Amino acid sequence: METTRSESVAGAPTGRRVSVFADDALGRHDAVGLADALRRREVSPAEVLAATRDRLAAAAELNALVGPAFETPVAGRAAAPFGDVPTLLKDNSDLAGVPTGQGSEIVRASPASAHGPVARELLRMGMTIVAKSTLPEFGLSASTEFPTRPPTRNPWHTGYSSGASSGGSAALVAAGAVTLAHANDGGGSIRIPAACCGLVGLKPSRGRFVLPTVEKMLPVPIVADGVVTRSVRDTARFWAEADRHSSRSLRPIGSVTGPSARRLRVGLVLSSLAGNGIDDPTRRAAEDAAALVESLGHRVEPIDRLPIDAGFPDDFVRYWSFLAFALQHSTPRAPGTTLRDFDPLTVGLADRFRRDAWRLPAVIRRLRRAAADYATMFASVDVVLSPVTGQATPQLGYLSPRVPFDLLLERLTDVAAFTPLHNVVGAPAISLPLGPPSPAPLGVMFSARQGDDRTLLELAFELERAAPWAGLGGSGRAADRRVDPRGGTGTRPTSEC
């Protein structure tokens with residue numbers, strides 16, 4: 001087992017890098033490699049499960065699990081494509097016999113009577129669910145932090161956020177405890193933690209994965225389930241399997257195993273819909289990714305303004321506040337607690353909705369219209385390149401629920417400035433770890449028209465091969481590849497966390 005190391009960075013908090021990769025049955029495998037090793041009987045399911053338990057225990061300081069690993073894991077079909085590969089289920093999805101806590105400190109969580117649709121799909125693919133991963137209350141924040149409990153920490157540097165809301169899953173995949181883990185995304189919650197932790201995170205097109213019953217009832221269904229992974233092939237294999245049960249109205253992704261020969265028209269967006277500026281590291285990461293894309297023969301053209309109503313950011317916050325209000329009032333609470341005992345972010349958003357409730361019908365109409373506006377963009381481009389977040393990965397505390405609500409909401413909208421659009425319009429978007437990994441990783445996002453998930457995966461394969469990303473397990477580039485604007489690539493040493 002690799003040891004963690006104390007780290008110190010100028011201008012950054014003191015923290016540690018937590019890597020639990022080891023010379024055990026899991027090795028440096030990604031999920032596809034581990035499934036192949038299990039199928040060839042190079043390792044046994046018992047050895048893999050024991051190694052996973054050891055690694056989860058070694059990563060305990062990340063605070064990324066809800067309770068201990070299960071005494072009896074829930075195993076899927078061993079003969080399936082991901083047979084006996086351990087994984088985590090985010091704690092806003094039901095697993096029979098296990099409470100679903102929703103990331104809350106006051107929810108009365110009773111054991112679920114049956115597997116939810118996400119658990120059923122993971123088990124159908126053959127995975128073994130070994131534990132539940134953390135999220136902030138109801139997944140409403142962009143950092144996995146809590147009012148009183150310790151935060152979930154970033155394994156690249158424990159003084160930084162792992163993102164949210166799938167922060168627990170992302171932290172443990174990046175640290176090496178599991179090869180892939182469940183995540184879901186209602187405003188960036190797959191892509192933001194993937195960006196913060198140096199992972200691949202695809203938010204799929206709406207209908208690409210089974211929808212929970214509650215989500216089907218929403219006036220604008222914004223949540224999409226998926227996984228966070230360390231490799232593009234894991235993400236591609238997962239979605240090839242998920243596609244078997246996806247909406248028949250979508251063009252199938254099929255088996256994507258590498259880049260396409262097709263050269264793309266790529267629109268570069270560096271300004272959020274709210275018109276907020278982005279910080280220098282975020283801008284550099286997106287510009288470097290654009291230069292890399294162009295060096296591969298794709299055509300990159302700036303997009304000054306997305307064809308989306310200028311009021312979209314405010315409308316999304318109003319809709320987000322409506323969801324917080326609905327969750328606050330419909331979720332069973334522990335005895336002796338009141339509505340005011342929920343996470344301060346939940347309470348603040350719900351209060352905001354009460355003041356604005358009369359606006360909701362018009363908000364819903366405008367959000368529904370956004371899909372048609374979004375589609376017009378793809379008359380001139382095939383893919384859009386943008387930052388994932390408006391700011392580099394934040395230090396812990398910056399997005400804490402203990403920050404005064406108005407300031408916290410302002411910070412959250414600055415961080416989650418680029419991701420909510422794809423949730424509202426149902427389009428696919430993928431976060432790739434193309435930014436520098438120090439002191440904490442920084443992602444870059446590619447998005448496409450609704451249903452065109454395949455193009456994003458093909459491009460992701462090409463970028464991963466052209467500039468392999470760093471990983472805590474020692475795989476990937478040993479130096480941070482930088483694209484020389486005069487052509488070709490250069491390298492500079494990767495700075496340590």
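In the predicted model, Thr52 lies within helix H2, which spans residues 45–58. With a relative accessible area of 1%, Thr52 falls under the 20% limit and is therefore counted as buried. The side chain of Thr52 reaches back along the chain to the backbone oxygen of Val48, at 2.8 Å. The two positions are related by the helical repeat: an α-helix has 3.6 residues a turn, so residues three or four places apart point the same way. When neighbours within four places in sequence are set aside, the contacts of Thr52 are with Leu26, Pro86, Val130, Ala177 and Val178.

Helix H2 also takes part in the surroundings of helix H1 (residues 31–39), since the buried residues of H1 pack against H2, strand S4 (86–90), strand S8 (180–185) and helix H7 (232–242). Of the 9 residues of H1, 7 are buried, so that this helix is largely enclosed by the rest of the structure. The buried set consists of Ala31, Val32, Gly33, Leu34, Ala35, Ala37 and Leu38. Just after H1, the backbone at Arg41 adopts a positive phi of about 60 degrees.

Considered as a whole, the chain contains 14 helices and 17 strands. Its radius of gyration is 21 Å, close to the 23 Å that the globule rule gives for 497 residues, so the chain is as compact as a globular protein of that length. Taken along the principal axes, the box filled by the C-alpha atoms is roughly 60 × 55 × 50 Å. Buried residues make up 60% of the 497 in the chain, and, among contacts with a separation of 6 or more, 76% are between residues 24 or more positions apart. The chain exposes about 18700 Å², of which 52% is supplied by carbon and sulfur atoms. As for charge, there are 56 positive and 51 negative side chains, and the centres of these two sets lie 4 Å apart.

Several loops carry backbone geometry that merits separate description. Most residues other than glycine have a negative phi, and most peptide bonds are trans. Positive values of phi are nevertheless found at Asn63, where the angle is near 55 degrees, and at Asp84, where it is about 70 degrees although the residue is not a glycine. Asn63 is placed in the loop between H2 and strand S3 (74–75), and its relative accessible area of 26% makes it partly exposed. Asp84, in turn, is placed in the loop between S3 and S4, the latter being one of the elements against which the buried residues of H1 pack.

Two cis peptide bonds are also described here. One joins Ala164 and Ser165, with omega at about 10 degrees, and Ser165 is found in the loop that runs between strand S7 (157–161) and helix H4 (167–175). Another joins Ser438 and Pro439, with omega at about 0 degrees; here Pro439 is placed in the loop between strand S14 (429–432) and strand S15 (444–447).

Ser438 can in turn be related to a position far from it in sequence, namely Arg283: the two are 155 residues apart along the chain, whereas their C-alpha atoms are 15 Å apart in space. Arg283 is located in helix H8, which covers residues 280–295, and is partly exposed, with a relative accessible area of 30%. Once neighbours within four places in sequence are excluded, Arg283 is in contact with Leu270 and Ile278.

A further partly exposed position is Tyr398, for which the relative accessible area is 26%. Tyr398 occupies the loop between strand S13 (383–387) and helix H12 (405–415). Apart from neighbours within four places in sequence, Tyr398 makes contact with Gln391, Val403, Arg411 and Val415, of which Arg411 and Val415 fall within the residue range of H12. Tyr398 and Leu421 are 23 residues apart along the chain, and the separation of their C-alpha atoms is 23 Å.

How values were computed: Residues numbered from 1 in each chain as written. Predicted model: local features only at pLDDT ≥ 70, side-chain atom pairs only at ≥ 80, totals over all residues. Heavy atoms only, no water. Helix = DSSP H or I, 4+ residues; strand = E, 2+ residues; numbered from the N terminus. Rg over C-alpha atoms; globule rule 2.2 N^0.38 Å. Buried < 20%, exposed > 50% of the residue type's maximum accessible area, 1.4 Å probe, protein only. Contact = heavy atoms within 4.5 Å. Areas by Shrake-Rupley, 256 points an atom, 1.4 Å probe, with all protein chains shown as cover. Lys, Arg positive; Asp, Glu negative; His and termini not counted. Charge placed at Lys NZ, Arg CZ, Asp CG, Glu CD. Polar contact = N/O pair within 3.5 Å; in protein donor to acceptor, adjacent residues only side chain to side chain.
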